[in-house]
Amino acid sequence: MDQLSAQFLTFTYRRISSMNKELINLIDISKSFDGEMVLDELHLNIHENEFLTLLGPSGCGKTTTLRILGGFVTPDKGRVVFGGQDITNMPPNKRQLNTVFQKYALFTHMNIAENIAFGLKIKNKSKNYIDDKIKYALKLVNLDGYEKRMPDSLSGGQQQRIAIARAIVNEPKVLLLDEPLGALDLKLRQDMQYELIRLKNELGITFIYVTHDQEEALTMSDTIVVMNQGYIQQIGTPETIYNEPENAFVADFIGDSNIIASMMLEDKLVSILGAKFACVDTGFGHNKPVDVVIRPEDVELTKQPEDGTIQGTVTHLIFKGVHYEMEVTANGFEWLVHSTGMFPVGTPVGIKVDPFNIQIMNKPASEDEEAVGVEE
Ligand SMILES: Nc1ncnc2c1ncn2[C@@H]1O[C@H](COP(=O)(O)OP(=O)(O)OP(=O)(O)O)[C@@H](O)[C@H]1O
C-alpha cells in the first residue's frame, strides 16, 4: 500500500458510518454562461454533518455549484432545496450558509476582532454577544488572544483561520469552502486539513469543500463528488472512489492507475493483454470489451514468470522514499508499479495481480469496438 492509500485509511474512523438526514438537495440543476453549458442536470443530495468535497479538474463546474448553493449564482433550471424548503431564489444573506474563499478577503484596516465582528454588527448584535462570539471563534481556530492583531501581521494560514472564524460566528448550518487552502504551502496545507476536520467535528455542521487536489479530497472527506465537464462522474466515500472507480476518468483522476482495454471472457475471468486473469466481478457478459483498472501498488512482481502472470522487463526505476516506482513493459503495455521490493532496470519479471485488485469497468458504448486484448 502506498502513502496515499495509507493516509486516507488512517482517517476512516471519523467518517460517517450511517449517513445522517438529508439537508440539501440540488435537483436537476443546469447552468450555462455565454451559451456554454457549465452544469447539466446536476443532481446531488447533501447530508447533515457531512464533509462533502466537490473534486474535479479546473473548469468542471465546482465553484459554480458552490455559488449556486450560496445564492451568488441563479441556476437556469432546477431547484435548490434546504431542509425541505425551496431556496433557489433566496438571497445569500438569508441562507443558513457561509462561504470561505481561497483569498481570505480580510479587511486590512480592521483588527482581527473587528474583522470577525463585522457580520454580527450588521445584524445589530449586542456588544457582549459579539465579544463572546469572537472569543469562542478564536479559540476554535486556535488563535486565542489575537483580537488586537492586524491581518497583515498574520501568516497565510492564520489569516485563513480568521476567515473561517468570521464565517462560523454566524452559526451557519453549512460552511461552503472554495479551495480555502489553495494559497498555502504544502506543510501548512496539510496542518490545516487536520484543523478543518477537527473544526467540522466540533461544530457538528456540514462542510461543502471545493478542491482540484485529489489527495486533499481523500484525506478530508466523508463523501467525494467527482466532477468533469459539468457532470458528476461518481459519488462515494474516499475508499469507494479510490478502490472502485466507476469509469476511466475517475480512475485516472484519483491517484495513479493502470487502465487497460481488456476483454471479460466470462464471470470472474478477464483477458488482460492476451493473458487470462482471475477476477471477482460478474455480470459483464461473455467476451465483452471492458476497461480494467489496476493500481500500481496492487501489481506484484515475481522473479520468475508463474501461472497467471504476464512476463515483462523493468524499463524505469525511481526511489520514492516509501516505495520504488517502476515501469515494466509487458505485452506492449507500460505498467506502472509501486513496490517496496526493488528490481533493477533490465530485470525480466512476471506480473501478478490478486483477483480482488482487478477492477472491471464497462467501456462507454462508443468505444466497444475498439477493445483489445482478446485471446481465448
Ligand atoms: N460568471 C461567469 N461568466 C462566464 N463564464 C463563467 C462564469 N463563471 C464560471 N464560468 C465558466 O464556467 C466554467 C466552470 O467554472 P467553475 O469556476 O465552476 O469551474 P471550477 O471547476 O470551479 O474551476 P477552477 O478549479 O478552475 O476554479 C468555466 O469554463 C468558467 O470559465
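## Two domains and a five-stranded sheet

Seven residues of domain 1 are in contact with seven residues of domain 2; contact means that C-beta atoms, placed from the backbone, lie within 7 Å. On the side of domain 1 that touches domain 2, two residues are nonpolar, three polar and two charged. Here Ala, Val, Leu, Ile, Met, Phe, Trp, Tyr, Cys and Pro count as nonpolar, Asp, Glu, Lys and Arg as charged, and the others, Gly among them, as polar.

This is a predicted model: local features need pLDDT of at least 70, side-chain atom pairs count only at pLDDT 80 or more, and totals for chains, interfaces and linings use all residues. Residues are numbered from 1 along each chain as its sequence is written.

The domain bounds come from an automatic or database domain assignment.

| Domain | Residues |
|---|---|
| domain 1 | 3-96 + 172-248 |
| domain 2 | 256-370 |

Taken over C-alpha atoms, the domain 1 and domain 2 centres are 32 Å apart.

An open sheet has five strands, ordered β15-β19-β16-β17-β18, with antiparallel pairing. Strands are DSSP runs (E, at least two residues), numbered from the N terminus; two of them pair if DSSP finds at least two bridges between them. β15 (299-302) and β18 (333-339) are at the edges with a single partner strand each, so one side of each has no neighbour in the sheet. β15 is joined to β19 (residues 348-353) by four bridges. Val299 sits opposite Val353 in β19.

His323 is in the loop between β16 (310-319) and β17 (324-330). His323 is partly exposed, with 19 other C-beta atoms within 10 Å (20 or more is buried, 12 or fewer exposed, in between partly exposed; C-beta atoms are placed from the backbone).
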